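Let's take a walk through this one together. Have the viewer ready, and we'll go from the overall picture down to a few individual residues.

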Amino acid sequence: MKRENRACVLCVLVAVFWAVVASAADAEKRETIDIGKLKPMDSELKVKVGEQAPDFTLKSITGKAVTLSEFREKNNVVISFIPAAWAAICSDQWSGYNIAKDIFQKNGAVILGISTDNLPTLHAWVTQMDGLWFPVLSDFWPHGAVAGKYGVLRSDGIAERAIFIVDKKGRIRYIGLQDINIRPPLEEIVKELERIK
Amino acid sequence: MRRSLSSAIGGMIVLALVSPLLRAQDTSGDYRDAAAALKLRVPEDPAERQYLGIQASSGKITLSQIKAEGILIEVFSMYSLPCQRHAPAANKLYQAIDSRRELKDKIRMIGIGMGNSPLEVEVFRNKYSVVFPLFDDRDSSIAELFRGMRTPYYIGLRNGKGAEPEVFFSKPGGFTNAEEFLDSFVKASGIQSGGVQ
């Protein structure tokens with residue numbers, strides 16, 4: 001091999017090495033993905049405040065099946081649909097709810113977190129968050145069936161960022177459906193829980 | 001010809017070696033102007049107003065109204081998992097300042113919940129038993145000012161040179177050793193060596 005060629009090969013190897021080192025360092029810093037700005041809403045709501053909440057059974061990341069009507073007469077239920085595991089806003093939203101456990105419990109409420117991601121993905125994501133106190137349910141198959149029943153399944157297969165508060169009688173008391181790119185205000189959820197406690 | 005090829009290859013090698021280092025450089029200058037323009041809501045708690053030496057009991061204050069030679073700001077978000085994980089270290093930093101006789105009356109530490117409502121800041125304060133004053137960002141003006149900032153983020157300001165405090169320290173990310181972090185803050189501020197330089 002000519003001297004110039006050897007130098008060229010060396011140069012490429014060094015560049016590749018440093019690129020790998022730099023990207024690994026960046027990856028360490030970022031545990032979530034910025035999925036960019038999405039169309040604010042892309043579905044049509046199929047339920048209304050005052051109606052009975054459609055019942056459902058979904059598998060949680062612990063392997064246990066969770067049914068909405070199990071909480072009838074026991075707890076108010078905050079159903080939190082999120083678009084995608086590992087997405088920055090979703091990670092923030094549920095990490096925040098994780099440290100607000102006392103507020104939810106004080107108001108006799110449980111959270112059911114729902115995503116259309118599959119169970120292994122949700123499990124890996126929640127494990128990276130050091131766990132969450134509330135059940136995380138997968139609406140992966142039939143894909144987005146529960147999100148579809150509530151009218152929050154978007155055309156690309158992910159759910160809207162939506163909150164439904166269901167009282168102890170199983171009625172929908174609050175629907176927080178807003179821009180998918182924005183975190184729902186905690187104040188509004190707590191205010192509604194305090195009202196129906 | 002051969003000489004120029006060698007020079008080009010040499011240049012590429014240098015570039016390959018240096019580029020990751022350039023990428024890893026601190027971008028601390030980015031928020032200095034924003035930090036100097038900060039306005040904070042006067043704390044409701046009289047003990048916090050006393051700690052900060054604030055005379056006003058309502059409205060907003062600038063950082064120059066805080067009676068201290070050095071002001072250490074942690075910008076956080078209740079929703080940020082890195083901030084949640086970092087909260088005990090931030091408390092240790094406050095304790096480290098409080099335990100050093102020569103610094104206790106010279107440095108004031110505050111936290112700003114970027115984009116956080118009063119309730120969200122309260123959740124964070126209670127969860128991690130934060131003892132230093134935390135400010136909310138109910139109108140999102142601080143989030144607007146610090147757009148794109150990744151939390152936790154530390155800012156250090158020094159009062160005394162002019163009408164406005166000087167930002168001398170601006171660092172993304174947290175730390176593992178509170179004492180070492182405080183040492184670097186103090187060294188950069190010049191406070192320990194006989195007050196403001």
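Start with the outside of chain A: about 9,800 Å² of it is exposed, with carbon and sulfur atoms supplying 57% of that area. Keep in mind that this is a predicted model. Of the 197 residues in chain A, 47% are buried. The chain holds 6 helices and 7 strands, and if you read along the sequence they come in the pattern α-β-β-β-α-α-β-α-β-α-β-β-α. As for contacts in chain A between residues at least 6 apart in sequence, 71% of them join residues at least 24 apart.

Now for the sheet. In what order do the strands of chain A's open sheet sit? Going across, you get β2-β1-β5-β4-β3-β6-β7, an open sheet of 7 strands with mixed pairing. At the edges are β2 (65–67) and β7 (172–177) of chain A, each of which pairs on one side only. Neighbouring strands in this sheet are turned against each other by 30 degrees on average, ignoring direction. Helix α4 (residues 119–128) of chain A packs on the sheet, where it touches β1, β4 and β5 of chain A. The direction of α4 makes about 160 degrees with that of β5(A).

Zoom in on strand β4 of chain A, residues 109–115. Is it mostly covered or mostly open? Mostly covered: 7 of its 7 residues are buried. That goes for both faces, with A109(A), I111(A), G113(A) and S115(A) on one side and V110(A), L112(A) and I114(A) on the other.

Next, look at the strands that pair with β4(A). Strand β3 (residues 76–81) of chain A runs parallel to β4(A), and 6 bridges join the two. To find your place in that pairing, pick out N76(A), which stands opposite A109(A) in β4(A). Strand β5 (residues 136–138) of chain A is also parallel to β4(A), joined to it by 3 bridges. Here I114(A) has L137(A) in β5(A) as its bridge partner. L137(A) turns up again in another pairing, as the bridge partner of S60(A). That link belongs to strand β1 (residues 57–60) of chain A, which pairs with β5(A) in the antiparallel sense over 2 bridges.

Away from the sheet, have a look at S91(A), which lies in helix α2 (residues 88–99) of chain A. Its relative accessibility is 5%, so it counts as buried. What is S91(A) in contact with, leaving aside its neighbours within four places in sequence? The list is T32(A), W86(A), W125(A) and M129(A).

The loops of chain A have a couple of backbone details to check. W141(A) and P142(A) are joined by a cis peptide bond, with omega at about -5 degrees. You'll find P142(A) in the loop between β5 and α5 (145–150) of chain A. Then there's E73(A), a residue other than glycine with a positive phi, near 65 degrees. E73(A) is in the loop between β2 and β3 of chain A, and at 59% relative accessibility it counts as exposed.

On to chain B. It has 8 helices and 7 strands, and 49% of its 197 residues count as buried. Chain B exposes about 9,800 Å², with 52% of that coming from carbon and sulfur atoms. Among contacts in chain B with a separation of 6 or more, 64% are between residues 24 or more positions apart.

Chain B has its own cis peptide bond, between T151(B) and P152(B), with omega at about 0 degrees. P152(B) sits in the loop between α7 (141–145) and β6 (153–158) of chain B. S140(B) has a positive phi near 60 degrees, and it is a residue other than glycine. That residue is in the loop between β5 (134–135) and α7 of chain B. With 35% relative accessibility, S140(B) counts as partly exposed.

Finally, see where a helix from each chain meets. Helix α6 (residues 186–196) of chain A packs against helix α6 (residues 118–128) of chain B at an angle of about 85 degrees, and their axes are 8 Å apart. So α6(A) is roughly perpendicular to α6(B). L186(A), E187(A) and V190(A) make the contact from α6(A), while P118(B), L119(B), E120(B) and V123(B) make it from α6(B). Sorted by type, the residues of this contact are 5 nonpolar, no polar and 2 charged.

Methods. Residues numbered from 1 in each chain as written. Chains lettered and ligands numbered in written order. Predicted model: local features only at pLDDT ≥ 70, side-chain atom pairs only at ≥ 80, totals over all residues. Heavy atoms only, no water. Buried < 20%, exposed > 50% of the residue type's maximum accessible area, 1.4 Å probe, protein only. Helix = DSSP H or I, 4+ residues; strand = E, 2+ residues; numbered from the N terminus. Pairing = 2+ DSSP bridges. Contact = heavy atoms within 4.5 Å. Areas by Shrake-Rupley, 256 points an atom, 1.4 Å probe, with all protein chains shown as cover. Axes fitted to C-alpha atoms, helices over the stretch in contact; angles between N-to-C directions. Parallel < 35°, antiparallel > 145°, perpendicular 65-115°, else oblique. Nonpolar A, V, L, I, M, F, W, Y, C, P; charged D, E, K, R; others polar.
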